[in-house]
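Student: Please take one part of this model and look at it closely, in a single connected account. I would also like to see how that part sits among the rest of the chain.

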Amino acid sequence: MKRFLLLVLCLTVLGCGGKPKPDGMPNLSPCVVTVTSDGQPLQDAIVSFYTTDPKFRWVPGATTDAAGKAVMVTHGQYFGAVDGDYTITVQKTERESFDTQNPPQTIKVYTLIDPKFADATTSPLKIKVAGKTNETVDVGKQIKEVLRTESPM
C-alpha cells in the first residue's frame, strides 16, 4: 500500500511521463461537457470546440461516455481547454451493417442527431471556458437520417 501511495504521489508531482506541452501552448482549464439528447445522456458522440480566430491552433475535443460526459482534451493528449469562447459541435453517426463475406458496393452512414450540430457555422451550442468549466448541452431528439454513402472496404 505504501508503494502505491508513493507511486501516486510521484505521478502527481512529476506528471505521468507524457510528452511536455508544445511551445506556446497556453494553460489549459479542466472542461467537461455533458451532451444530452432530449434530456437523456448521449453516448459515443464526438464533441469539438471551434473559435472564430483562424490562427487558433489549440483545438479541444472528446467522445462522450455512457453518462454523456466528454472530458475535453486538446490535441488528443492534453487534458483541458484554453480559456475562451467556443462554438460546440456534436456528431453521432452509425454505419449500416453488412456481411463481410459478401460486402455491398456502398453502405449508408446515418447521422443520429440534427446535422446542424455537426457544423461550427450552424451549431447553436456555445461555451465560455473560464477556469474549471462544466456545461450541459442538449441536441434534441435523436433521428436517423442518411448522411452519406461510402465504400465498406
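Tutor: I start with burial, where buried means under 20% relative accessible area, exposed over 50%, and partly exposed in between (1.4 Å probe, protein chains only). The model is predicted, so local features are given only at pLDDT of at least 70 and side-chain atom pairs only at pLDDT 80 or more, whereas totals for chains, interfaces and linings use all residues. Residues are numbered from 1 along each chain as its sequence is written, and side-chain values use heavy atoms, with hydrogens and water left out.

The part I have chosen is the aromatic cluster, which is made up of F49, F56 and Y86. The structure holds two aromatic pairs (rings of Phe, Tyr and Trp, the last by its six-membered ring, with centres within 6.5 Å; planes under 30 degrees apart are stacked, over 60 edge-to-face, the rest tilted). In one of them, the ring centres of F49 and Y86 are 5.0 Å apart and the ring planes meet at 35°, so this pair counts as tilted. Because F49 belongs to strand β4 and Y86 to strand β10, the pair ties together parts of the chain that are 37 residues apart in sequence; strands here are DSSP E runs of at least two residues, helices H or I runs of at least four, both numbered from the N terminus. Both F49 and Y86 are buried. F56 and Y86 also pair, with ring centres 6.0 Å apart and planes at 70°, so that this pair is edge-to-face. F56 lies in the loop between β4 and β5 (60-63) while Y86 is in strand β10, and the pair therefore ties together parts that are 30 residues apart in sequence. Y86 thus takes part in the pair with F49 and in the pair with F56. With a relative accessible area of 4%, Y86 is buried, whereas F56, at 23%, is partly exposed.

From the cluster one can pass to the nonpolar interior through F49. The largest nonpolar core (buried Ala, Val, Leu, Ile, Met, Phe, Trp, Tyr and Cys residues joined through side-chain atoms within 4.5 Å) has 26 residues, and F49 and V90 have the most contacts inside it. Strands β2 (31-37), β4 (46-50), β9 (81-82), β10 (84-91) and β13 each supply at least two residues of this core. With residues up to four places away in sequence set aside, V90 touches V35, L42, A45, I46, I113, F117, A118, L125 and V139, where contact means heavy atoms within 4.5 Å.

Strand β2, one of the contributors to the core, also holds S37, which is buried with a relative accessible area of 6%. The side chain of S37 reaches the backbone oxygen of G140 at 2.7 Å, and a polar atom of this side chain lies 3.4 Å from the backbone nitrogen of Q142. Not counting residues up to four places away in sequence, S37 touches L42, D138, V139, G140, K141 and Q142; among these, L42 and V139 are also touched by V90.

Two loop residues deserve a note on their backbone. Most residues other than glycine have a negative phi. D38, however, has a positive phi of about 55° although it is not a glycine; this residue is in the loop between β2 and β3 (40-41) and, at 47% relative accessibility, counts as partly exposed. D44, in the loop between β3 and β4, likewise has a positive phi, near 65°, and is a residue other than glycine; its relative accessible area is 48%, so D44 is partly exposed.

Strand β13 (residues 126-129) offers a contrast in burial, for it contains K128, which counts as exposed because its relative accessibility is 53%. Beyond its neighbours within four places in sequence, K128 is in contact with G84, D85 and T133. The C-alpha atoms of K128 and D85 are 4.4 Å apart, although 43 residues separate them in sequence.

For the chain as a whole, the secondary structure comes to one helix and 15 strands, and 32% of the 153 residues count as buried. Among contacts with a separation of 6 or more, 68% join residues 24 or more positions apart.

Conventions: Polar contact = N/O pair within 3.5 Å; in protein donor to acceptor, adjacent residues only side chain to side chain.
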